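Open the structure in your viewer and keep the selection tool ready. Each stop below says what to select and what is there.

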Amino acid sequence: MNEIGFVVFAGAALALLFAFHLAERQRTAAIRGLAVRSGLHYLGNALPRSLTLSGTPFDRASKVWNVIDGEPRGVRVIAFDCQVGVGKGSWRRTVIAVESGADLSLLLNPEMTTDSAGKWAILYRPKASVNFRIAGLMPLGELESYLNSVARDAPKTVNGDVAISS
């Protein structure tokens, strides 16, 4: 009876690992498609050197993947999935970095945290003690709507004339 239980347990563990692997592959394919639709470039596991994360929880991310980068509507945006820490204390998040000069008003959400790092605004869901999103990664539809909301600050007008700000 012990051998049968072990075989069943090992089979279930392998099936679970396969399901997680399949889900990761599907997410990668979906993010590649999102990058194409949004006019972004899929970079894989490498963050651009121009992105600064100092002073944010992602400064020492242990793993980064699904990096997309580009300038839709004239604003540089980098989005990526990452893991912070290792082992039981680690947590995963999807991060959106927007270069300064963008109107972030459409991106602001009470569930999101915004940090500044150099010329970048870093948006993410903070680490919570109880997380109902098991993986901690942002659903693709939500990520796409955030990316589509990024726009350059509109020039300020006074009586119909563009005002020059100093």
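The tour starts with the sheet, moves to the cores, and ends at the rings. Keep in mind that this is a predicted model.

**Stop 1: the sheet**

Show the strands as a cartoon. You have an open sheet of six strands, in the order 1-2-3-4-7-6, with antiparallel pairing. Now look at its edges. Strand 1 and strand 6 (113–117) stand there, each with a single partner strand, so each has one side without a neighbour in the sheet. Neighbouring strands are turned by 25 degrees against each other on average, direction ignored. Strands of a sheet pair through backbone hydrogen bonds, so show the backbone atoms for the next stop.

**Stop 2: strand 4 and its partners**

Select strand 4, residues 91–99. Is this strand mostly covered or mostly open? It is mostly covered: eight of its nine residues are buried.

Add strand 3 (77–84). Strand 3 and strand 4 pair in the antiparallel sense, over eight bridges. Pick out two of the bridge partners. I78 is matched with A97 of strand 4, and Q83 is matched with R92 of strand 4. The two strands form a hairpin with six residues between them. Click on G85 in the turn: its phi is positive, about 85 degrees.

Next, add strand 7, residues 120–124. Four bridges join strand 4 to strand 7, and the two run antiparallel. Here E99 has W120 of strand 7 as its bridge partner.

**Stop 3: the helix across the sheet**

Select helix 2 (140–149). Helix 2 lies across strand 2, strand 3 and strand 4. Against strand 4, helix 2 runs at about 15 degrees.

**Stop 4: the cores**

Which residues have the most contacts inside the largest nonpolar core? Select I68, I96, L143 and L147. This core has 18 residues. Helix 1 (2–38), strand 3, strand 4, strand 7 and helix 2 each supply at least two of them.

Stay on I96 and show what surrounds it. Beyond residues up to four places away in sequence, I96 touches a list that includes V77, A121, M138, L143 and L147.

There is also a second, separate core, of 16 residues. Select F80, C82, A97 and A117, which are among its members.

**Stop 5: the aromatic rings**

Show the side chains of F58, W91 and Y124. Ring pairs link these three into a cluster. The structure holds two aromatic pairs. F58 and W91 form a tilted pair, 5.8 Å centre to centre, with 55 degrees between the planes. F58 sits in the loop between strand 1 (41–44) and strand 2 (61–70), while W91 is in strand 4, 33 residues apart. Both are buried: F58 has a relative accessible area of 1%, and W91 has 13%.

Turn to the other pair. F58 and Y124 are edge-to-face, 4.7 Å centre to centre, with 85 degrees between the planes. F58 is in a loop and Y124 is in strand 7, so this pair ties together parts that are 66 residues apart in sequence. Y124 is buried, as is F58.

**Stop 6: two lysines**

Select K127, in the loop between strand 7 and helix 2. Leaving aside neighbours within four places in sequence, K127 is in contact with G89, W91 and R93. Measure from K127 to S90, C-alpha to C-alpha: they are 10.0 Å apart in space and 37 residues apart in sequence.

Finish with K63. K63 lies over the face of W65, at 4.8 Å from the ring centre.

Key
Residues are numbered from 1 along each chain as its sequence is written. This is a predicted model: local features need pLDDT of at least 70, side-chain atom pairs count only at pLDDT 80 or more; totals for chains, interfaces and linings use all residues. Side-chain values use heavy atoms; hydrogens and water are left out. Rings of Phe, Tyr and Trp (its six-membered ring) pair if their centres lie within 6.5 Å; planes under 30 degrees apart count as stacked, over 60 as edge-to-face and the rest as tilted. Buried means under 20% relative accessible area, exposed over 50%, partly exposed in between (1.4 Å probe, protein chains only). A charge sits over a ring if NZ of Lys or CZ of Arg is within 6 Å of the ring centre and within 35 degrees of the ring normal. A nonpolar core is a set of buried Ala, Val, Leu, Ile, Met, Phe, Trp, Tyr and Cys residues joined through side-chain atoms within 4.5 Å. Contact means heavy atoms within 4.5 Å. Two strands pair if DSSP finds at least two bridges between them. Axes are lines fitted to C-alpha atoms, for helices over the stretch in contact, and angles run from 0 to 180 degrees between N-to-C directions.
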